[in-house]
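This report covers a few local features of one protein chain. Please look over the sequence and the model before reading on.

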Amino acid sequence: MMTSKIIFKFYFLFIVGFFLPLSGQVGINTSSPQATLDVVGKSNASSTKSFKVRNSSDVESITVTDDAKVGIRVTNPQANLHILSDVNGSINERAGGAGPAFFALRKNESTDRSINQALVSGANIGAITFVGNTGNGYTGTSLNSSRIMAVATQNFTTTAQGTRIEFYTTPNDTNSSVLRMTIGQDGKIGIGRSAITNILEIEGEASKTTTGAWLANSDGRLKKDIKQISGNEALEKLLRLKGVYYYWNDDKTGILRPKEKQMGFIAQNIQEVFPDKVTQDAKGYLQTAYGDYDAVLVEAIRALHQKNENLEKRINELESKINGLTKK
């Protein structure tokens, strides 16, 4: 009687597609399981589920669809991994080891994941996107939303993997993101633009929360070959500079320039007087640091002050002589 029950159970399991071969591996919808538990779905559609786990309240906790989408607390996953978290988000934890816990986004240039094909310059490596519910669900594509994205800056090899990081936000009353900041492969930071020449480049104006200039080391212990600027030379050079009013007429660099009337200098004029203080940007246009001329201004004022004192002394001497002559 016991033998007949066992035979019946095995026959029943075979009929319903649950296989217990002698190898100790369990197969569902397969008579030749390739793992300890081998589940074969009935189709490759997201509407059909290969596997699910429900808790004691009959809530579906883990779902695996036949088209290989995994949902955690999501019964109809919309991506390869779809997690619903209403409290603290997801956690990626690493115990011990030499490095930190990390989350890797990897990109293969080939559409066939079994083929190793190197990324090409300009390829989007990976992005972290931020998408909100509109009241009509999650509309639009995630790569049009606010995001942080990595982009290849050269063709990848095992020893060459140049990358830049881009930051996007979405302006109010729009649904398309705009590039706001870039950190280039060379460490140059562009805010409102891509930096091509200087370590920090800003499109438009910038401000600080407090008054005063930016601070920098100026300790004499960090300098050598110190020589005071000649006041007369400084004055002579400043007199060769030409302060001008002007309007921007930039239709070449792509930089957004102010439309209002400006005042300042022309780099070509500065180059004639202080050639070491004028450099070229990556596009060949001249640039200079206005604040570098403070020391020249100080010494020029000192020279004017000395000239003024000499004139006052000379005037006093002449007045004394005139007063002496009038008394005779």
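## Exposure and a positive phi at Asp-225

A residue counts as buried under 20% relative accessible area, as exposed over 50%, and as partly exposed in between. The model is predicted. In it, Asp-225 has a relative accessible area of 71% and is therefore exposed.

Asp-225 lies in the loop that runs between strand S13 (200–202) and helix H2 (231–240). The phi angle of Asp-225 is near 55°, which is a positive value in a residue other than glycine.

## Arg-73, in the loop between S6 and S7

A positive phi is also found at Arg-73, which is not a glycine; the angle there is about 65°. Arg-73 sits in the loop between S6 and S7. Its relative accessibility is 42%, so Arg-73 counts as partly exposed, given that the partly exposed class falls between the 20% and 50% limits.

## The four-stranded sheet

The two strands that flank the loop of Arg-73 belong to an open sheet of four strands. The strand order is S4-S5-S6-S7, and the pairing is mixed. Strand S4 (49–54) and strand S7 (81–83) stand at the edges; each has a single partner strand, so one side of each has no neighbour in the sheet. On average, neighbouring strands of this sheet are turned by 10° against each other, with direction ignored.

In general, strands of a sheet pair through backbone hydrogen bonds, in either a parallel or an antiparallel sense. Strand S6 (residues 70–72) pairs with S7 in the parallel sense, over three bridges. Within S7, Ile-83 is the residue that stands opposite Ile-72.

## Asn-269 in helix H3

Where does Asn-269 sit? It is placed in helix H3, which spans residues 267–273. Asn-269 has a relative accessible area of 10%, and because this is under 20%, the residue is buried.

Which residues is Asn-269 in contact with, leaving aside its neighbours within four places in sequence? They are Arg-240, Leu-241 and Lys-242. With two of these, the side chain of Asn-269 reaches backbone atoms: the oxygen of Arg-240 at 3.4 Å and the nitrogen of Lys-242 at 2.8 Å.

## Summary of exposure

Asn-269 is buried at 10%, Arg-73 is partly exposed at 42%, and Asp-225 is exposed at 71%. Asn-269 is in a helix, H3, whereas Arg-73 is in the loop between S6 and S7 and Asp-225 is in the loop between S13 and H2.

Notes: Residues numbered from 1 in each chain as written. Predicted model: local features only at pLDDT ≥ 70, side-chain atom pairs only at ≥ 80, totals over all residues. Heavy atoms only, no water. Buried < 20%, exposed > 50% of the residue type's maximum accessible area, 1.4 Å probe, protein only. Polar contact = N/O pair within 3.5 Å; in protein donor to acceptor, adjacent residues only side chain to side chain. Contact = heavy atoms within 4.5 Å. Pairing = 2+ DSSP bridges. Axes fitted to C-alpha atoms, helices over the stretch in contact; angles between N-to-C directions.
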